[in-house]
Amino acid sequence: MKGIVIKNTGSNYLVRTTDGIDRACKIKGNFRLKGIRTTNPVAVGDIVSVTDATGGDTPYIISVEPRHNYIIRRSSNLSKQAHILAANLDQVCLIVTLFHPTTSTTFIDRFLATAEAYRVPAVLVINKIDLLENDSEALEYLSAVKYLYESIGYKVCLVSAKNGDGLESLKTILDSKVTLFSGNSGVGKSTLINDIIPGAELATAEISSIHDTGMHTTTFSEMFAVPEMPEGTYIIDTPGVKGFGTLEFEKHEVGHYFPEIFRYGADCRYGDCTHTHEPGCAVKNALDENLIARSRYASYLSILEDEDDDKYRKGY
């Protein structure tokens, strides 16, 4: 039988098969040895084939169909292994907060670059805007961040999971799409999903008053159908991530995943320009003329520093 993976709890996978039944499946130990170098060879969103489970036997996932895209990050153990957040996506909503906790622009840019690299359209969702209502400096910063990413070409949605502001706009973005929700812990991802899907009852936690950081409440990835919206509208919830390690980009390709750097880079003297020291670099000229944001260029450099010359990006 074929089905879609709707939940991953480590060694167990919940697969919704074509007959509409959710089946708890496992994978054979040797499944991990077939050239798959990720911590999770099967991810939520994967289309899989499973063995027949007649007679009460545990069904096993025996194959994964080719993915048309996925979001991947370097594993938290800093090894060269990777973790696939989800596969076969229509888009990703990166949930961020500018305060309590603060999502760094470096994190945002690394995530967006990875989404570009793996062909997943990205939307930036800025949550907790209710916290900024009486702070003129914070509102000015919010306006600047929104302008920056919209000027690059990203859709930006401002929401408040607490009072419901912007939720209808967000639902319009989700309409008839499979959407991954991702972001740092504490940005209100689970609260947003609870607002959009009554009855989801995802666990939420208060922000640490000492470190102003979020506590992990989601411990595994899961796909939810969104009720009262067109068929095919799904949200994939994932555990919060503290950092976002990019994986195996070629140095001369990193600029391809920053749309504004890619645009100006077309006019560089050298086709393999790294936009760091080469003469005739159109990106450096654009930076000097404030046509590229310093924060974005700093994020670009941080990815270059991650990557070794002998590494290259592979399919997973």
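## Salt bridges within helices

Lys-146 is partly exposed, at a relative accessible area of 26%. In this predicted model, its side chain meets that of Glu-150 in a salt bridge, 2.9 Å from N to O. Glu-150 is also partly exposed, with a relative accessible area of 37%. Both residues lie in helix α2 (residues 136–152). They sit 4 residues apart, about one turn of the helix. An α-helix has 3.6 residues a turn, so residues three or four places apart point the same way.

Helix α3 (residues 167–174) holds another pair, Lys-171 and Glu-168, 3 residues apart. That spacing is about one helical turn. Their side chains form a salt bridge at 3.7 Å, N to O. Lys-171 is partly exposed, at 23% relative accessibility. Glu-168 is exposed, with a relative accessible area of 57%. With over 50% as the cut-off for exposed, Glu-168 is therefore placed in that class.

## Salt bridges beyond one helix

The structure holds 10 salt bridges. One of them joins Asp-46 to Arg-67, with the closest N and O atoms 2.7 Å apart. This pair links distant parts of the chain, 21 residues apart. Asp-46 belongs to the loop between β3 (22–27) and β4 (47–50). Arg-67 belongs to the loop between β5 (60–64) and β6 (70–74). Asp-46 is buried, and Arg-67 is buried too.

Asp-109, Glu-260 and Arg-296 are connected in a network of salt bridges. Asp-109 is among the buried residues of α1. Arg-296 is among the buried residues of α7. Side chains of opposite charge can pair when their charged atoms come close.

## Helix α1

α1 has 13 residues. From its first C-alpha to its last it reaches 18 Å, close to the 18 Å expected at 1.5 Å a residue. Of those 13 residues, 10 are buried, so α1 is largely enclosed by the rest of the structure. The buried set is Phe-107, Ile-108, Asp-109, Arg-110, Phe-111, Leu-112, Ala-113, Thr-114, Ala-115 and Ala-117.

Arg-119 follows α1 and has a positive phi, near 60°. Pro-101 lies in the loop between β8 (91–96) and α1. A cis peptide bond joins His-100 to Pro-101, with omega about -5°.

## Helix α7 and its neighbours

Helix α7 (residues 294–306) also has its span checked against expectation. Its 13 residues should cover 18 Å at 1.5 Å a residue. The end C-alpha atoms are 19 Å apart, which agrees.

The buried residues of α7 are Arg-296, Tyr-297, Ser-299, Tyr-300, Ser-302, Ile-303 and Leu-304. These residues pack against α1 (105–117), α2, α5 (259–265) and α6 (282–288).

## How α1 and α7 cross

What angle do α1 and α7 make where they pack? The angle is about 65°, and the axes are 9 Å apart. That makes α1 roughly perpendicular to α7. The class of roughly perpendicular runs from 65 to 115 degrees, so an angle of about 65° lies at its lower limit.

α1 passes α7 in a right-handed crossing. On the α1 side, contact is made by Thr-105, Thr-106, Asp-109, Arg-110, Leu-112 and Ala-113. On the α7 side, Ser-295, Arg-296, Ser-299, Ser-302, Ile-303 and Asp-306 take part. Asp-109 and Arg-296 thus appear both in this contact and in the salt-bridge network with Glu-260.

## Positive phi in two loops

Ser-176 is not a glycine, yet its phi is positive, about 65°. Ser-176 sits in the loop between α3 and β11 (178–182). Is Ser-176 buried, partly exposed or exposed? Ser-176 is partly exposed, with a relative accessible area of 40%.

Asn-290 is not a glycine either, and has a positive phi of about 60°. Asn-290 lies in the loop between α6 and α7. Asn-290 is exposed, at a relative accessible area of 62%.

Notes:
Residues are numbered from 1 along each chain as its sequence is written. This is a predicted model: local features need pLDDT of at least 70, side-chain atom pairs count only at pLDDT 80 or more; totals for chains, interfaces and linings use all residues. Side-chain values use heavy atoms; hydrogens and water are left out. A salt bridge is a side-chain nitrogen of Lys or Arg within 4 Å of a carboxyl oxygen of Asp or Glu. Buried means under 20% relative accessible area, exposed over 50%, partly exposed in between (1.4 Å probe, protein chains only). The expected span of a helix is 1.5 Å times one less than its number of residues. Contact means heavy atoms within 4.5 Å. Axes are lines fitted to C-alpha atoms, for helices over the stretch in contact, and angles run from 0 to 180 degrees between N-to-C directions. Angles under 35 degrees count as roughly parallel, over 145 as roughly antiparallel, 65 to 115 as roughly perpendicular and the rest as oblique. A crossing is left-handed if the near helix is turned anticlockwise from the far one by less than a right angle, and right-handed if clockwise.
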